[in-house]
Structure formats: structure tokens, C-alpha cells
Amino acid sequence: MTHTNDRRKFLKAGAAVAAAGFVAGAASAIGQENNPPQDHDHGKPNLNQDVNQSQPARTGAQDEFEGFSRYKPGRGNDPDSDFYCGKLVPGFRAVAEGPVPITIPDLAKLNYQVVNGAKEFHIVAQAVSREFLPGYRMNVYGYNGSMPGPMMEINQGDRIRIIVTNELPEPTNFHMHGFEMPVQYDGAAEMTQNPIGPGKTFKYEFDVHEHGTFFYHSHVAMQEAMGMVGPIVVHPARPFDPPVDRDFLLVFQNFSIKPNQTISDSWKMDWNWHTINGRSGPFTTPCVVKHGERVRVRLINFSPMQHHPVHMHGHTFWITAHEGARAPKSAWIPRNTELVGVAQASEFEFIANNPGDWQFHCHMIHHMMNHMTEQFGPNIRDNENVETYLANLESRPRVEITPIAEGKKPPGFPQKMLSMNMDMDEMMRIWKPREMQGMRASAAMSMHGLMTAMRVLPADLFERVMNSDEQIEKGEVFAEIVKRFGNPADYEPAPKMDMGAMKMKSDRKHNSDQMHD
Ligand SMILES: [Cu+2]
């Protein structure tokens, strides 16, 4: 590779650039308040303006890599370049700093103690409840009070000791998926050990020589369908180059839970509830990154039977690893949708060069909806006994449709279903994470099931969203991004008070479409 020296120079300068980001970014953001909106060609993306107004002064060599810019959408000039689609464009973090800690939205990390030279983790298999959406608390199985279980984050070369206690009223077993360990620790009862009985404990201990994205899970099939999984990340002893600035992990799962029930039906062959790290969109906390950073995402599919083509809007990423092994760079593939099969883990990396709030989701249409029972579920809940059912007979079927297309109804109409029934408190909880601040007021309406958001924010806006105590108005950050990087003339803010099709529980009988702050 001929670019080694350039890249080394960059890496030296990169950390200083990143450190200077906040102050300089804040100053330029204030400075541009008075800038008149630029005159754009109608409908054309505005690629030529200085899109990086919020970044500190940098030299062209740090931003541009053979025609690929870390700050402007674009692929570069030559598919054979090392930097095409950002392939080997480094993040701001120096390789020598080691791997960046994992960000795992909505899940905890598992603590350990070093005991007799091993990292010792305690894991408890349990029946747990998990709130998939505000107000929708489901009965599943998991670990340490959580579903999925908490993440183990370890290093290549560690000796680990996992002490598993079974608090379920039935036997379980404990398998660490993908590890090349001594066979008696494989946890594949009854081929390699006796099951762990209720109230019993079993110890697993071995040296970890691999690196990558793994997971632990029960190897009892229907316990798997009840949610018994937890992620494991093993960082490489020799940090990967190019370095990433952020490293996210998302576990995708499906469940079958009838509208009037809370217990996952592990016998089912189809699946109506979909979770990322144990939550359904829009309760999934967005991933937030800084403009120009190199980002890694690890996708684990622990669904019982269905695969997930996971698509990220606005960017092209490189598939860099599958399951337990980093792929050689010659085998990396540029993509915007990665099909993750059952029990597979994929990793991808990209340069966040296109600011905005980008949808990031499984593309299976029935995985892009929460339990798909809006029209059906409320009937069951509201008419749970025969008397109320009969009393409401004249009003059924109560199919609520988006009030559009007056008098013009093609075959198949309607297809745009309403989404959630949440009250104000529940909706407030959707908006509570700081990661949601400044998104469009209607953003939550567009995330259902296996959906979250990848937010790419200029440095100053990132600081406001992630590190300040400032209350940020809904839509403010998004509008600012459109102003700086897009075409404000064609942008219409979301109506602030209008949650659109979402109806409040208390208002549903009054057929109100409005939500009041
Ligand atoms: Cu899917």
C-alpha cells in the first residue's frame, strides 16, 4: 500500500483534530446563525458547499482520501482504491489507543472480577419480564434480570470463568456460540455435559484465543425462542487498523405474543413482535455518531427462524467480519443492506460522511411493524368477555385507517396501518433518551419493530445532544442539519403537536388525532 505514510501522518494529527472539535465547532455554529440560506438548485443535492462548517480547520489531506471525503457523501474515484467508499479511511481514534468500548443501546454490560488469574463472570438464567414498548411488558426468559442478557466484553487472550446458576424451574444449559474451547465446556447438553438443573450451578473456564462478535445462549431450542441469549465481544489483542471511533452492537430477535397475552409462545412458527436489544422501535435508543467518524456496527440475529436484511439509509458500508472472524480486507464487500441469518453475527464499518437522522432497520416488511395487530388487538382487549363483544357488535369490525384518499379507494386499500396506542406518559418515555433529542417530532412514528436510527451529527450538534444539559426542541437538530447540508427550501418541519396517526388511549373513543404537549 502506498498510502501508509499519509495515513500515519493523519493518525498523528487526527487525535488533535478530534480533541479540538467541540470548542471550534461551537464557535462556528454560532457564527453561522447569521448566514443567509444558500441559493440551491431546486431538488439537487447541494454537494459543493462547504458542508463542514461545524468542524475545526483541517487540511485537505485529512479530509480527502483519493477522492473520498469523510465529510461529504460520495464514493471516491476508483473502486480499486484503498479508500473507495471509505474502505480504509481511519477514524479519529489512534490505533495505539486500543479498541473503543462497545456501545450497546438499551442493554447493560456484565461486570467481572479477576479471580485466580481469570475474569470471572456470574450469570443467572431466569424468567424475566422485558418492556418491549412502553406499556408492553412481556414475559420471557433471559439472564441476570435482562432479555437479552448483559453483554460480556473481553479481550483476546483473556482467561474467562463463567459461573452459571439456573434459577429457572426447569433444566437449562449454557453454550458460548463460536468459541473454540475445550469440549466439556461447550454446554451442548447432553452431548457434552449434563443439563444444569433448577437451582444448580456450573462453571466454565478456558482461554479465549479468538476475537470477534459472539453470544451465549441456552441450547434448549424453545428456551432460545423465549429470548435466552446475551452478546459477547472479544476485542483483538492487536487493535484493528483502520481504527473506529464508535462500536455499536445490536441483537435482533422475533417473538410470538398474541394481542391479549404477555407470554412468548415458543411453539409458534411465525413471529409478530420484533426487538433490537430487547426493545421494539420506536423504543429502541438511536445510535448517535459524529460527522466524519469511522463507525463499526455489530449485528447479531438471534431470532428463532427468520433472517434479517438489515439496511442503513444514507451510507454505504463495508462488511468487515462475519461471526467469529475478521475478514481479510481483500474480502470486504461494500453494501447498504446486510442479510444476517439466524445465529449469525455480521460486522460492518463506514465513514459517517452524510449528516442526518438515518433509518436503520430490517427490511422484511413484517419486521418493520410492531405486532401487526393494531386493527385486531384492540378488539380483543376491549371485548375480552362475551357480553362486551356482543354489545359492541354493531361497531365491528373496527378498522381504523389513515384518513386519506376520500372517495378514491383502489383495490387493497388501506395499506397504511396506524401504529401505536400509547398515552402521554408512554410517549414521553420514547422521547426520554438524550439520543432522541432534536429529532423530528414525528420521527418516532416512523420506527416500528426492528427499526432504530443512525444519527450522524456535526460535532457541535453532537455535543448539544449527547453532552449538554440543554433541552433541545423536537426537530431543531434535524432542521439545522437540513439548513447546513441540505435544501431548506424543500424542507417542511413536522407539525409539532400532531402525532399524526397515533391516538391517545384516553382519546381513542373521541377519535382525536391530535396530541397536545
Ligand atoms: Cu427481519
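Let's start at strand β13, residues 273–276, in this predicted model. Trp 273 and Thr 275 lie on one side of the strand, His 274 and Ile 276 on the other, and all four are buried, leaving both faces covered. The split into two pairs follows a familiar rule: in a regular strand the side chains alternate between the two faces of the sheet.

Which strand does β13 pair with? Its partner is β12 (residues 246–255), running antiparallel to it over 4 bridges. One place to look is Gln 253, whose bridge partner in β13 is Thr 275.

Strand β12 also leads us into the protein's interior. Leu 250 and Phe 252 are among the residues that touch the most other members of the largest nonpolar core, together with Val 164, Ile 232 and Leu 299; that core has 100 residues. Follow Leu 299 next: beyond its neighbours within four places in sequence, Leu 299 contacts Leu 250 and Phe 252, as well as Val 310, Glu 338, Val 340, Ala 345 and Ser 346.

Now move along to helix α8, residues 476–485, where Val 477, Phe 478, Glu 480, Ile 481, Arg 484 and Phe 485 are buried. These residues sit on the same side of α8, because they span an arc of only 160° around the axis. The cover over them includes strands β22 (356–362) and β23 (451–457) and helix α7 (459–467).

Stepping back, the protein has 8 helices and 23 strands, and 41% of its 517 residues count as buried. Among contacts with a separation of 6 or more, 75% join residues 24 or more positions apart.

Methods: Residues numbered from 1 in each chain as written. Predicted model: local features only at pLDDT ≥ 70, side-chain atom pairs only at ≥ 80, totals over all residues. Buried ≥ 20, exposed ≤ 12 C-beta atoms within 10 Å, placed from the backbone. Helix = DSSP H or I, 4+ residues; strand = E, 2+ residues; numbered from the N terminus. Pairing = 2+ DSSP bridges. Core = buried A, V, L, I, M, F, W, Y, C linked by C-beta atoms within 7 Å. Contact = placed C-beta atoms within 7 Å. Arc of directions from axis to C-beta.
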